[in-house]
Amino acid sequence: MSARLIMKLQLVEKTLEAPDVVSLVFKHPRRPELPQSEAGAHVDVHIPDLGIRQYSLCGGAGGASTYRIAVRREESGRGGSSWIHSSLKVGDIIPVSAPRSNFPLSKAKKHVFIAGGIGITPFLAMASEAGRRGEEFEVHYCVRSRPSAAFVDELSQYCGNRLHLYAPSEGRFDAARLFAALNSRSDIRVYGCGPAKLLEAVETAAEDQGWPSSRLHFERFQAAVDENFVPESFDLTIGSTGQKLHVAKDRSALQVLKENGFNLQASCEVGICGSCRCNYVEGDVLHRDTILSREERVKSLTLCVSRARGSLVLDL
Ligand code: FES
């Protein structure tokens with residue numbers, strides 16, 4: 001959990017891509033190059049008084065002089081997207097982190113990208129990178145309507161007939177049909193980004209077809225909600241020193257560790273970004289994030305939302 005570089009970047013372009021989506025291009029006011037990014041990476045944008053929000057980079061991978069992100073206005077959100085749409089102006093300077101990659105493009109012969117709405121953003125970079133590598137790909141893009149769909153022209157340019165657009169009036173996306181057609185070729189990877197309902201449908205269809213979870217990759221931008229979850233207190237032990245800390249039922253492990261002087265990274269604090277990920281040595285963890293895979297959960301947890309039954313020994 002090393003510290004992440006935060007830069008003061010200047011907004012140099014703001015473009016309306018669809019009725020409720022703007023794209024934003026940032027550059028450093030003095031330096032010609034920004035830190036490298038990988039296709040599928042995201043940055044943290046620090047919104048005044050509202051905290052940090054994560055957005056996928058939707059420009060090309062590799063060295064770049066600018067970062068481009070896209071933001072959909074969420075009327076019922078926490079206010080960050082409304083601030084970006086209404087208050088952030090070209091010329092303004094705001095803190096933006098160096099990119100982090102939780103959603104990399106795997107090595108595969110073929111990539112299948114499934115997006116819902118603004119979930120298309122990481123695939124702008126990933127599809128372009130797959131094409132650059134000479135690997136097969138297809139993009140399945142579910143939208144509320146054609147006029148509300150951002151980046152269709154841009155995607156069409158490099159996807160051609162590999163772009164499949166689904167609007168309710170023209171036929172819905174059918175995950176079961178897609179997986180049945182893909183069969184179980186071991187050199188295909190499937191990626192999903194979008195609303196929880198779409199990703200659940202993809203996960204269910206994949207399971208029904210016996211698709212291994214190791215070849216499915218998701219980027220979720222909504223926290224897991226389990227209304228029946230009742231948090232219990234638990235104890236933490238710091239593996240390297242034996243220090244013991246108590247996490248009350250209304251606190252998170254992250255809050256308790258920070259209060260006790262641990263300089264830990266955190267960003268979303270709702271279990272979707274992975275920046276507070278920490279390894280553990282022993283314990284029965286109640287994983288409540290939407291970012292770690294089944295394999296990663298065997299030795300890691302997200303400190304902001306995950307808890308434990310009884311006690312937990314951290315690799316700190
Ligand atoms: S801070 Fe984002 S997952 Fe914990």
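In this predicted model, the largest nonpolar core runs to 32 residues, and F113, I120, F123, M126, V139 and Y141 make the most contacts inside it. Quite a few elements chip in: β9 (110–116), α2 (121–133), β10 (136–142), α3 (152–159), β11 (163–166) and β12 (188–193) each bring at least two residues to this core. The top contributor is α2, which gives 6 residues. As for I120, setting aside neighbours within four places in sequence, its contacts are A115, V139, Y141, A150, F151 and L155. Apart from this core sits another one, made of 23 residues, with I238, F262, C276 and V305 among them.

Next comes helix α5. Its 13 residues (196–208) should span 18 Å at 1.5 Å a residue, and the C-alpha atoms at its ends are indeed 18 Å apart, so expectation and model agree. On the buried side, α5 has L198, L199, V202, A205 and A206. Looking down the helix axis, these buried residues fall within an arc of 125°, which means that they line one face of α5. The spacing fits a general rule: an α-helix has 3.6 residues a turn, so residues three or four places apart point the same way. Turned away from the buried side of α5 is a face that carries the exposed residues K197, E207 and D208.

What do the buried residues of α5 pack against? Their partners are β9, β10, α4 (175–182), β12 and β13 (216–219). Of these, β9, β10 and β12 each also supply at least two residues of the 32-residue core. Just after α5, G210 adopts a positive phi of about 70°.

Notes
Residues are numbered from 1 along each chain as its sequence is written. This is a predicted model: local features need pLDDT of at least 70, side-chain atom pairs count only at pLDDT 80 or more; totals for chains, interfaces and linings use all residues. Side-chain values use heavy atoms; hydrogens and water are left out. A nonpolar core is a set of buried Ala, Val, Leu, Ile, Met, Phe, Trp, Tyr and Cys residues joined through side-chain atoms within 4.5 Å. Buried means under 20% relative accessible area, exposed over 50%, partly exposed in between (1.4 Å probe, protein chains only). Helices (H or I, at least four residues) and strands (E, at least two) are DSSP runs, numbered from the N terminus. Contact means heavy atoms within 4.5 Å. The expected span of a helix is 1.5 Å times one less than its number of residues. The arc is that of the directions from the helix axis to the C-beta atoms.
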